[in-house]
Amino acid sequence: MAAASRLEVRNLTRIFDGKTVVDDASFEVRAGEVACLLGPSGCGKSTTLRMIAGVDMQDSGQILVDGSVICGAGTRVPPERRGIGLMFQDFALFPHLSVADNVAFGLKGGARANRNRVAELLDQVHLTRHRDSYPHALSGGEQQRVALARALAPRPSIMLMDEPFSGLDERLRDGIRDETLAILKDAGAAVLLVTHEPHEAMRMADQILLMRDGRIVQRGAPYNIYNAPVDRAAAAFFSDIN
Ligand code: ADP
Ligand code: MG
């Protein structure tokens, strides 16, 4: 079980070349909750995630974990000390490492020193029989599960996921979303998942953060947002849900 944490961003703003890409964004993700940062391509989702991960720096605003500032107001905790797990669209597995070694990558001592933890994770993502396989021999869905196990291995208290299903076969996605959600809930982390697909957010989120032009324009439970969109643009965005 991960140490439960609460993620909070306050008035987060990022400006590139004079253009405000993330505009005064404030939100909170509680421990054990899946929040979906949802919005069309280019609205500032990945930039928001990168600042929280610590690989980019906001121009103003703060990022807090359990009420303590980790970035902003003169403080900057380095990425590797933020207790954050990351998962991206392309999975970014190490091609020269076996499944077990990929999963153990973030663990001190590697797969050998962490036999039990690696076995537990592989069991959780149903990859035990692929323990010694290499990524190229796996299907897209299997690679996705290796990336998930690798991100969860150090028991992060916060998980950031950037479009983690978009590289997968459409027909498999809902099944993989449901499985991933169950594993995330079991891990207990505060999850911030970025997606441009309303259907995905409806299916996975406890809370939707609807983003447009860098701003959080609406937040709430999926059902509430779907039934009472804040404006015409939000309604149109949800209207093509499949
Ligand atoms: P999303 O993930 O919602 O598709 P991004 O956060 O990737 O959106 O990008 C938001 C906007 O910021 C886009 O217009 C993008 O071109 C711009 N942008 C992102 N990163 C940079 C950067 N490093 N330099 C300049 N512009 C950037
Ligand atoms: Mg993006």
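Let me start with helix α6, which in this predicted model has 18 residues and reaches 26 Å from its first C-alpha to its last, close to the 26 Å expected at 1.5 Å a residue. Along α6, the buried positions are Arg177, Thr180, Leu184 and Ala187. As general background, an α-helix has 3.6 residues a turn, so residues three or four places apart point the same way. The cover over the buried residues of α6 includes strand β3, helix α5, strand β8, strand β9 at 190-195 and helix α7 at 198-204. Just after α6 comes Gly188, whose phi is positive, at about 80 degrees.

Since α5 is part of that cover, let me turn to it next. Helix α5, residues 140-152, has 13 residues, and from its first C-alpha to its last it reaches 18 Å, close to the 18 Å expected at 1.5 Å a residue. How many of the 13 residues of α5 are buried? Ten of them are, so the helix is largely enclosed by the rest of the structure. The buried ones are Gln143, Gln144, Arg145, Val146, Ala147, Leu148, Ala149, Arg150, Ala151 and Leu152, and they pack against β7 (84-88), α2 (99-103), α4 (115-124), β8 (158-162) and α6 (170-187).

Staying in this region, Ala153 lies in the loop between α5 and β8. Is Ala153 buried or exposed? With 20 other C-beta atoms within 10 Å, Ala153 counts as buried, and the cut-off for that class is 20 or more, so Ala153 meets it exactly. Setting aside its neighbours within four places in sequence, Ala153 is in contact with Val103, Ala104, Gly106, Leu107, Arg117 and Leu121. One further pair to look at on the screen is Ala153 and Asn114, which are 39 residues apart in sequence, yet 9.8 Å apart in space, C-alpha to C-alpha.

Now to the strands, beginning with β10. Strand β10 covers residues 207-212, and five of its six residues are buried, so β10, too, is largely enclosed by the rest of the structure. Strand β3, residues 34-38, runs parallel to β10 and is joined to it by four bridges; within that pairing, Ala35 has Gln207 as its bridge partner in β10. Strand β11, residues 215-220, pairs with β10 in the antiparallel sense, over five bridges, and here Leu209 is matched with Arg219 of β11. The hairpin of β10 and β11 has two residues between the strands, and in it Asp213 takes a positive phi near 45 degrees.

There is also an open sheet of five strands, in the order β2-β1-β4-β5-β6, with antiparallel pairing. At its edges stand β2 (19-29) and β6 (75-76), each with a single partner strand, so that one side of each is left without a neighbour in the sheet.

Going through some of its pairings, strand β1, residues 7-16, is joined to β2 by seven bridges and runs antiparallel to it, with Leu7 standing opposite Val29 in β2. The hairpin of β1 and β2 has two residues between the strands, and Asp17 in it takes a positive phi near 50 degrees. Strand β1 is also joined to β4, by five bridges and again in the antiparallel sense, and in that pairing the partner of Glu8 is Leu64 in β4. Strand β4, residues 60-65, pairs in turn with β5, residues 68-72, in the antiparallel sense over three bridges, and there Val65 stands opposite Ser68 in β5.

Asp17 brings us to the ligand, as it is one of the residues around ligand 1. The others in that shell are Phe16, Val21, Gly39, Ser41, Gly42, Cys43, Gly44, Lys45, Ser46 and Thr47. Which helix gives the most to the shell around ligand 1? That is helix α1, residues 45-53, with three residues. By class, the shell holds three nonpolar, six polar and two charged residues.

Finally, a word on annotation, which I take from the record rather than from the model. UniProt, in an unreviewed entry, places the feature "domain: ABC transporter" at residues 7-238. Over residues 7-238 the model is 34% helix and 29% strand, and the end C-alpha atoms are 26 Å apart.

Definitions and conventions
Residues are numbered from 1 along each chain as its sequence is written. Chains are lettered from A and ligands numbered from 1 in the order in which they are written. This is a predicted model: local features need pLDDT of at least 70, side-chain atom pairs count only at pLDDT 80 or more; totals for chains, interfaces and linings use all residues. A residue is buried if 20 or more other C-beta atoms lie within 10 Å of its own, exposed if 12 or fewer, and partly exposed in between; C-beta atoms are placed from the backbone. Two strands pair if DSSP finds at least two bridges between them. UniProt positions are given in the numbering used here, feature names are shortened, and annotations may be inferred rather than shown by experiment. A residue is near a molecule or strand if its C-beta atom, placed from the backbone, lies within 6 Å of it. Ala, Val, Leu, Ile, Met, Phe, Trp, Tyr, Cys and Pro count as nonpolar, Asp, Glu, Lys and Arg as charged, and the others, Gly among them, as polar. The expected span of a helix is 1.5 Å times one less than its number of residues. Two residues are in contact if their C-beta atoms, placed from the backbone, lie within 7 Å.
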